[in-house]
Amino acid sequence: MLRDTVYLDHAATTPLRAEVLDVMLPHLRDGWGNPSSAHARGRAARAALDDAHERIATCLGATAREIVLTSGGTESINLAVKGGAWAGSARGHRLVISAVEHHAVEGSARHLERHGFDVAVVGVDRDGRVDPDAVAAAVTDRTALVSVMAANNEVGTVQPIAAIAERVHRHRGVLFHADAVQAAPWLPLDVEALGVDLLSIAGHKLGGPRGVGALYIRRGTHIVAQQHGGSQERHRRAGTEDVAGAVGLATALELAVREMGTAVPRVAGLRDRLVASVTGPGVTVTGHRTDRLPHIASFVVADAEGGTITTILDLEGLACSTGSACATGSAEVSHVLTAMGYPEAEARGAVRLSVGRATTDADVDRAIALLPPAIERARAAHAASAGPDGTATDAAPRPAALP
Ligand code: PLP
């Protein structure tokens, strides 16, 4: 059992809320029927599953039949991007994505590219923002699908989704997907107001269970199933559903929506204290100043490796992430920061601290005390390892990808 860790990595995953665990337990212990079975035990599971669909839909301003339950954000995104692209391929084999998408979107698009699709990648500005007019310019009559994330998981920048959706839909029949996995607990996600055709969310980013997610599919929108077998989820996602997970996701989402008004300002206040504590010479806050998720404090530290800083902090009992999404030991740096125009040397110093609803003032006090010495030690290590040309020779091992 891990204790005494200050957990500031809520963008990676969040602790399961006690209220959510409480509602899930009866479904794990007693309500274990298969929702496709016709007998009473199956019907009880079906009723719980239908109720979860209904509650998730209500939170998103949708209807129950527009919700498909999946195994998480990655699966929702794969189903939306690949399933939507194949369904729209009669129009043409073209996709449009932004340069700062999560690897689930980027990887799905690259997969489709290997199957004959053109992939247009729209760039971002220094704050990580996508210009709706740049998306409009990339959409052609041959475009099957456009995917732009609601908010970025590395730097927190929120995208103008409604404006992008309006531009996309000037071309009749083009599908618009928004990855709202990181945005879900913090931004109102009314699918009508946003104007999306497809929207992905995941339970574990909002105090729900890992391994369960949902995809909103607008009524009348056809997508090609990516998983074959039974007729579950109205033929859109085969496989026996995780009823306890669905109930957990529905409850976590309801709580997040209900508490948004109080949680957002509180969490943003904690994030602002963290940001203020690091801002100074050689530290640059990344992402949009105001249009950003309330929980992410992201910055780059000059002349230091983000991986060294987070390793030092981890040894001190503070969990956070580097901002880099790169392969272990490789020289690759965050595609998000490079798309935002940060040179590779600067992007290497990226750190992401992300607070959550259970984060306390004392947690933030502890982080504020630990950060400056960790940065100094990382700078000293960087200077000591610099080669004759001033570049570091022993880059810290890096995670495979930033969640
Ligand atoms: N999209 C974004 C923006 C994310 O932050 C994540 C999680 O890291 C995902 C997609 C993938 O979600 P999951 O971990 O549920 O597969």
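Visitor: What is the order of the strands in the open sheet of seven?
Guide: Happy to start there, with the reminder that this is a predicted model. The pairing in this open sheet is mixed, and the edge strands, β2 (67-70) and β4 (118-122), each pair on one side only. Neighbouring strands are turned by 20 degrees against each other on average, direction ignored. Read across, the order is β2-β8-β7-β6-β5-β3-β4.

Visitor: Do strands β5 and β6 run parallel or antiparallel?
Guide: Strand β5 covers residues 143-147 and strand β6 residues 175-179, with three bridges joining them. Within this pair, Val-146 stands opposite Phe-176 in β6. The two strands run parallel.

Visitor: Which strands does helix α4 touch?
Guide: Helix α4 spans residues 103-114 and packs on the seven-stranded sheet. Its direction makes about 155 degrees with that of β3 (94-98). Another helix, α2 (residues 40-60), lies across β2, β7 and β8, at about 115 degrees to β2. The strands that α4 touches are β3, β4, β5 and β6.

Visitor: What share of the ligand's exposed area does the protein bury?
Guide: Let's look at the polar contacts to begin with. A polar side-chain atom of Thr-74 lies 2.6 Å from a ligand oxygen, while an N or O atom in the side chain of Asp-179 is 2.7 Å from a ligand nitrogen. The side chain of Gln-182 also places an N or O atom 2.9 Å from an oxygen of the ligand. Taken alone the ligand exposes 390 Å², and the share of that buried by the protein is 89%.

Visitor: Which helix gives the largest share of the shell around the ligand?
Guide: The shell has 14 residues, and Gly-73, Thr-74, Asp-179, Lys-205 and Pro-403 come nearest. By class there are five nonpolar, seven polar and two charged residues. The largest share is three residues, and it comes from helix α3 (residues 73-87).

Visitor: Why is one side of β9 and of β12 left without a neighbour in the sheet?
Guide: These strands belong to an open sheet of four, ordered β9-β10-β13-β12 with antiparallel pairing. One side of each is free because β9 (283-285) and β12 (321-322) stand at the edges, each with a single partner strand.

Visitor: How many bridges pair β10 with β13?
Guide: Strand β10 takes in residues 296-301 and β13 residues 350-354, and Ile-296 stands opposite Ser-354 in β13. Helix α9 (residues 243-278) touches both strands as well as β9, its direction making about 15 degrees with that of β10. The antiparallel pairing of β10 and β13 extends over five bridges.

Technical notes: Residues numbered from 1 in each chain as written. Predicted model: local features only at pLDDT ≥ 70, side-chain atom pairs only at ≥ 80, totals over all residues. Heavy atoms only, no water. Pairing = 2+ DSSP bridges. Axes fitted to C-alpha atoms, helices over the stretch in contact; angles between N-to-C directions. Contact = heavy atoms within 4.5 Å. Near = heavy atom within 4 Å. Polar contact = N/O pair within 3.5 Å; in protein donor to acceptor, adjacent residues only side chain to side chain. Areas by Shrake-Rupley, 256 points an atom, 1.4 Å probe, with all protein chains shown as cover. Nonpolar A, V, L, I, M, F, W, Y, C, P; charged D, E, K, R; others polar.
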